[in-house]
Amino acid sequence: MTPTKEILKKLYKEYNEKYFYGKLGKCDFSFFSKNISFLGWYCGKETNKNIPNDKIWIGTAVKWTEEALKCVLIHEMIHMYVYRIEGHKYDGIFGHGRRFRKHCKRLKKEFGLDVLRSPNIEYINKKFSPK
């Protein structure tokens, strides 16, 4: 599957209601170039007028499955929740500290989602594939 902004917005809305109590605000989506192997990235900023400006970046160097996209999108939404709702800008190394892990455990307990498990990823460009 090829993620589009429309697909991501639909999934974001669904996951926000189901897993994050509908508390997450507006979020924009962008895509990494095919030369970058990242799967996802959350970036939270404020505009000059102190208005939240949140963006989730999704990789294009992989062959996405529905399961992998769900896992990565929810992973990035946890970062957004910790930053926007809980108000913690820094949470361990690369944002994967105790607050992040607390939500991973909650999602696993309540919904059976294992966000910490790496989804099966196949890269389009073989130079990014693990050896």
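The following paragraphs lead through the core, the helix packing, the salt bridges and the backbone of this predicted model.

The nonpolar core is a suitable place to begin. The largest such core has 32 residues, and the members that touch the most others are Phe20, Ile56, Leu73, Ile74, Met77, Ile78 and Leu107. At least two residues of this core come from each of four elements, namely helix H1 (5–19), strand S3 (52–58), helix H2 (66–85) and helix H3 (98–111). Helix H2 provides the largest share, with 11 residues.

Ile56 illustrates how this core is joined to the parts around it. When neighbours within four places in sequence are set aside, Ile56 is in contact with Cys27, Asp28, Phe29, Ser30, Trp41, Tyr42, Leu73, Glu76 and Met77. Two of these partners, Leu73 and Met77, are themselves listed with Ile56 among the core members that touch the most others.

Helix H2 packs against H1, and the geometry of that pair can be described first. The axes of H1 and H2 come within 10 Å and cross at roughly 60°. The arrangement of H1 relative to H2 is therefore oblique. The crossing of H1 past H2 is right-handed. On the H1 side, Ile7, Leu8, Leu11, Tyr12, Tyr15, Asn16 and Tyr19 take part, and they meet Leu69, Lys70, Leu73, Ile74, Met77 and Met80 of H2.

Helix H2 also packs against H3. Here the angle is about 125° and the axes are 10 Å apart. This angle makes H2 oblique to H3. The crossing of H2 and H3 is right-handed. Helix H2 contributes Ile74, His75, Ile78, His79, Tyr81 and Val82 to the contact, while H3 contributes Arg99, Phe100, His103, Cys104 and Leu107. Ile74 of H2 thus appears in the contact with H1 and again in the contact with H3.

The charged side chains form a further layer of the description. The structure contains eight salt bridges. In one of them, the side chains of Asp54 and Arg84 meet at 2.9 Å, N to O. Because Asp54 belongs to strand S3 and Arg84 to helix H2, this pair ties together parts that lie 30 residues apart in sequence. The two partners differ in their surroundings: Asp54, at 4% relative accessibility, counts as buried, whereas Arg84, at 24%, counts as partly exposed.

A second salt bridge links Lys102 with Glu86, with the closest N and O atoms 3.3 Å apart. Lys102 is in helix H3 and Glu86 is in the loop between H2 and H3, so this pair ties together parts that are 16 residues apart in sequence. Both ends are partly exposed, with relative accessibility of 44% for Lys102 and 24% for Glu86.

Another salt bridge joins Lys108 and Asp114, whose closest N and O atoms are 3.7 Å apart. Lys108 counts as partly exposed at 49% relative accessibility, and Asp114 is partly exposed with a relative accessible area of 29%. Elsewhere, salt bridges with shared partners join Glu46, Asp54 and Arg84 into one network. The buried Asp54 is therefore a member of this network.

Not every charged residue considered here is described through a salt bridge. Arg98 lies in helix H3 and is exposed, with a relative accessible area of 59%. Arg98 and Lys45 are separated by 53 residues in sequence and by 22 Å in space, taken from C-alpha to C-alpha.

Two loop residues deserve attention for their backbone geometry. Most residues other than glycine have a negative phi. Tyr21, although not a glycine, has a positive phi of about 60°. Tyr21 is found in the loop between H1 and strand S1 (28–31), and is partly exposed with a relative accessible area of 47%. Asn50, likewise not a glycine, has a positive phi of about 65°. Asn50 is placed in the loop between strand S2 (40–46) and S3. With a relative accessible area of 63%, Asn50 is exposed.

How values were computed: Residues are numbered from 1 along each chain as its sequence is written. This is a predicted model: local features need pLDDT of at least 70, side-chain atom pairs count only at pLDDT 80 or more; totals for chains, interfaces and linings use all residues. Side-chain values use heavy atoms; hydrogens and water are left out. A nonpolar core is a set of buried Ala, Val, Leu, Ile, Met, Phe, Trp, Tyr and Cys residues joined through side-chain atoms within 4.5 Å. Buried means under 20% relative accessible area, exposed over 50%, partly exposed in between (1.4 Å probe, protein chains only). Contact means heavy atoms within 4.5 Å. A salt bridge is a side-chain nitrogen of Lys or Arg within 4 Å of a carboxyl oxygen of Asp or Glu. Axes are lines fitted to C-alpha atoms, for helices over the stretch in contact, and angles run from 0 to 180 degrees between N-to-C directions. Angles under 35 degrees count as roughly parallel, over 145 as roughly antiparallel, 65 to 115 as roughly perpendicular and the rest as oblique. A crossing is left-handed if the near helix is turned anticlockwise from the far one by less than a right angle, and right-handed if clockwise.
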